[in-house]
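Here's a quick briefing on how the side chains in this one pair up and pack. Have a look at the sequence and the model first, then dig into the notes.

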Amino acid sequence: MKKILFGLTAALLTSAAAANTLIPDVSPASSGQHVVINITQQRLFLYDNGKLSKIYPVAVGKAMTQTNLGEHKIGAKAYNPVWHIPKSIQKERNDGVKSVPAGPNNPLGPVFVRLGDPKLSLGIHGTNAPASVPGVRSHGCVRMKSPDALEFAKTIATGAPASVIYQMASLNEDANQNLWLAAYRDPYDKKNLDTAALKKSIAAWAKAHGKTIPAARVDAILKGRTGAANCLTCAKGVKLKSPLKSLAWTSGTDAYSKPKVMPKPAPTKDVVLPKGTEIEVDATDDTNKAASEPKQSVRPTPVKPATPAKPATTPADAPASAPKVASEPATAPASAPVKDAPASSEPADLLF
């Protein structure tokens, strides 16, 4: 009964967070699925045929171990994965343990979904530390609450495009034609918020709708960077009403963000690895008491990828034992800072 209540509570909290989440200025694929992860929001947006279908809270990489920005593809899935501990962490542990079996103490949770080239050593996976989601605290992977990770894995198709972006603001029009603005913190210290384009977009929208928006109100939101949705055109206490339309503010216009016309993707077969497949990524976390892992601020030593077993079509078809799927660690972007972000920039409740 407690487990059921916990599940319902987690679902309600996730729904509440999604209901108050503004949409980034992106052009999702007009056909098929498209995953968009906005680092600053700590949110994963799932689009289907150009329309938003789901929003998930996520934990992303820290400043020292950033989640790789850019265009990726969804890769193979591994249910009930075994976490193969990187040699660097094995050395720090010095307890002879080389892997953590599937179960409540596994930092990968119940499923691991490959994100991008295996050489990046990135994945979208569950966790045994749900309180760490959302947050800016992983070693590069995108971490989800385990129920969300399972839902996502069963929904997303292998080969779907995945964009990792870094937008420090969102500007949306809601169903009541009110304009809402949210500004986010800068965990990777990129300082890439184009305030001129944002203010130009706000002014263009206000003129087109016959509204007056105080400049001081906008400046206060941009200075605070709380991540909360703030209404620029309505009275205090008015609630955000879906559906939302994102303005193409990065181009400084009052136009709405539109899907990118793409040809219909060819049918693809999901790649599901055998149950118990070993995944080697740095999944430790400073707040992860259950795993009792030491802090690891650098990538593990590269290892040569092993040849994976022939993929099974579904988790149920998987054999009892499976080979280790090792991968090289992620290479931090060239613009990555050489030092860790201050602890104050990494709370799990950074936004909500």
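Cys231 has a relative accessibility of 10%, so Cys231 counts as buried. Its sulfur is tied up in a disulfide with Cys234, at 1.9 Å from S to S, and the structure holds one disulfide. Keep in mind that this is a predicted model.

**Cysteines and the smaller core**

- Cys231 also turns up in a nonpolar core of 14 residues, along with others including Ile23, Ile165 and Leu244.
- Another cysteine to look at is Cys141: its relative accessible area is 3%, so Cys141 is buried as well.

**The largest core**

- How many residues does the largest nonpolar core have? There are 48 in it, and Ile74, Ile124 and Phe152 have the most contacts inside it.
- Helix α4 gives the most to this core, with four residues.
- Setting aside residues up to four places away in sequence, Phe152 touches Val35, Leu44, Tyr56, Ile74, Val113, Ile124 and Met144.
- The 14-residue core with Ile23 and Cys231 among its members lies apart from this one.

**Aromatic pairs**

- Searching the whole structure for aromatic pairs turns up two.
- Tyr56 and Phe152 make an edge-to-face pair, with 6.3 Å from centre to centre and 80° between the planes.
- What does that pair tie together? Tyr56 sits in strand β3 (residues 51-57) and Phe152 in helix α3 (residues 146-155), so the pair ties together parts that are 96 residues apart in sequence.
- Tyr56 and Phe152 are both buried.
- Tyr166 and Tyr188 form a stacked pair: the centres are 5.5 Å apart and there's 25° between the planes.
- Here both partners come from loops: Tyr166 from the one between β12 (161-165) and β13 (169-173), Tyr188 from the one between β14 (179-183) and α4 (195-208), so the pair ties together parts that are 22 residues apart in sequence.
- Buried or exposed? Both Tyr166 and Tyr188 are buried.

**Charges over rings**

- Tyr166 has another partner besides its stacking one: Lys190 lies over the face of Tyr166, at 5.9 Å from the ring centre.
- Lys245 does something similar with Tyr256: the charged end of Lys245 sits over that ring, 4.8 Å from its centre.

**Salt bridges**

- The count of salt bridges comes to five.
- One of them joins the side chains of Glu151 and Lys54, at 3.5 Å from N to O.
- Glu151 is in helix α3 and Lys54 in strand β3, so this pair links distant parts of the chain, 97 residues apart.
- Glu151 has a relative accessible area of 35%, so Glu151 is partly exposed, and Lys54, at 32% relative accessibility, is partly exposed too.
- Arg93 and Asp95 also meet in a salt bridge, at 2.9 Å from N to O.
- Asp95 is partly exposed, with a relative accessible area of 41%.
- Then there's the bridge between Asp189 and Lys191, at 2.4 Å from N to O.
- Asp189 counts as partly exposed at 48% relative accessibility, while Lys191, at 63%, counts as exposed.

**Leu22 and its surroundings**

- Where is Leu22? You'll find Leu22 in the loop between α1 (2-19) and β1 (33-38).
- Its relative accessible area is just 2%, so Leu22 is buried.
- Leaving out residues up to four places away in sequence, Leu22 touches Gln41, Phe45, Ser170, Asn172, Trp180, Leu181, Ala182, Tyr184, Ala229, Leu240 and Leu244.
- Leu22 and Gly227 are 205 residues apart in sequence, yet their C-alpha atoms are 9.3 Å apart in space.

**Lys211 and its surroundings**

- Lys211 is another loop residue, placed between α4 and α5 (215-224).
- With a relative accessible area of 36%, Lys211 is partly exposed.
- Which residues is Lys211 in contact with, leaving aside neighbours within four places in sequence? They are Trp205, Ala206 and Thr233.
- Lys211 and Leu232 are 21 residues apart in sequence and 9.6 Å apart in space, C-alpha to C-alpha.

Note on methods: Residues numbered from 1 in each chain as written. Predicted model: local features only at pLDDT ≥ 70, side-chain atom pairs only at ≥ 80, totals over all residues. Heavy atoms only, no water. Phe/Tyr/Trp six-rings, centres within 6.5 Å; stacked < 30°, edge-to-face > 60°. Helix = DSSP H or I, 4+ residues; strand = E, 2+ residues; numbered from the N terminus. Buried < 20%, exposed > 50% of the residue type's maximum accessible area, 1.4 Å probe, protein only. Lys NZ or Arg CZ within 6 Å of the ring centre and 35° of its normal. Salt bridge = Lys/Arg side-chain N within 4 Å of Asp/Glu carboxyl O. Disulfide = S-S within 2.5 Å. Core = buried A, V, L, I, M, F, W, Y, C linked by side-chain atoms within 4.5 Å. Contact = heavy atoms within 4.5 Å.
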